[in-house]
Amino acid sequence: MKRTLGPALKILAFKIPLAFALPALAVPALLFAGSMRAADAPVVVTSIKPIHSLVAAIMQGVGEPELIVDGAASPHTYSLKPSNARALQEAKVIFWTGPGLEAFLEKPLQALGSKASIAELDHAPGLVKLPFREGGAFEPHEDGDEHQGASAEGEDHDHAAGTGHDDDHDHGAFDTHLWLDPMNAKAMAAVITTTLVAADPANALTYQANAKALDDKLTALDKEIAATVAPVKDKPFIVFHDAYQYFEHRYGIRVAGSITVSPETIPGAERVSEIHRKVGELGATCVFAEPQFEPRLVNVVIEGTNARSGVLDPEAATLKAGPDLYFTLMRGIAYSMKDCLSSA
């Protein structure tokens, strides 16, 4: 015998508002749609935080890239973890700077990244590459060319003229801290966008729109930093290691020397004494440490001098990874320099 709803239940059923009924039906559909979007996002792996930040900005609304060198780790001393190896095996796209900075990735990429599109960003067209400076003290060049920075609008800068770009460099023959010039970040972002569009054409419009927004933000950042450091750019200072050449070149500031040539090598007593003398001879007003390396060396270097100490974080060791990290990193360097040098 077929059962039917009683009159009271029929009335109740028809009085249930449609607005309450639809969400119950829609939730599974929305969850399914969300899982489909997540599944459609390509697995993207990035090497270091500054590169991860640029990739994350371009991927917003599609997915989040994975990061290998996380936390306070440095690419100079990093050892690949099993979780990193799994990520490389699963990746559809891998972004890294190149073996000059991330030598620990060179062999793993050959063994584990064979299925992925691998973009080596130190090959980006239009990238300015500066050769390593000889020695850690690197006396200023007599012709002054080294410190000819650009205006906020980029006039008379090597990016506009195309000079400084050397595709014939061997790996490691140039300074690898390329991202410390926002114009280099623009060049790398262009390659990131092209690579993502080719690997994931379904989301091409999103990548391209995000890339345009990022490019505009980098233009504004460049002008902001130029204005920030302008009052102190003629004051010389010492850094922990020679990582700031691109920032210096872009904004015409005066890095007078570094405590160590390579952050992997702790300098000996003779080297520390040499830099201590340099601080006095060059009238260096600040000596900057880095958060992931030995800060006591800086105290030894400035002891008995009028120089102040500060902290610079060129690889974003203390910053949380994400699309805004690059801008926080660059502003942090500019304002740390301004604060220390203004007070000296």
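1. Quick definition before anything else: a salt bridge here is a side-chain nitrogen of Lys or Arg within 4 Å of a carboxyl oxygen of Asp or Glu. By that rule the count comes to six salt bridges. Bear in mind that this is a predicted model. A few of the pairs are worth a look.

2. Start inside helix α8, which covers residues 204-229. K212 and D216 both sit there, four residues apart, or about one turn of the helix. Their side chains meet in a salt bridge at 2.8 Å, N to O. Both ends are partly exposed: D216 has a relative accessible area of 38%, and K212 comes in at 49%.

3. Next, D222 and R250, whose side chains form a salt bridge at 2.6 Å, N to O. This one links distant parts of the chain, with D222 in helix α8 and R250 in helix α9 (residues 245-251), 28 residues apart. Buried or exposed, in the case of D222? D222 has a relative accessible area of 2%, so it is buried. R250 is buried too, also at 2%.

4. E224 pairs with R331, the closest N and O atoms being 2.9 Å apart. Here the link runs from helix α8, home of E224, to R331 in helix α12 (residues 325-343), and the partners are 107 residues apart. E224 counts as partly exposed at 26% relative accessibility, and R331 does as well at 32%.

5. One last thing, on shared partners: D181, D222 and R250 are joined into one network by salt bridges. So when you inspect the D222 and R250 pair, pull up D181 alongside it.

Conventions:
Residues are numbered from 1 along each chain as its sequence is written. This is a predicted model: local features need pLDDT of at least 70, side-chain atom pairs count only at pLDDT 80 or more; totals for chains, interfaces and linings use all residues. Side-chain values use heavy atoms; hydrogens and water are left out. Helices (H or I, at least four residues) and strands (E, at least two) are DSSP runs, numbered from the N terminus. Buried means under 20% relative accessible area, exposed over 50%, partly exposed in between (1.4 Å probe, protein chains only).
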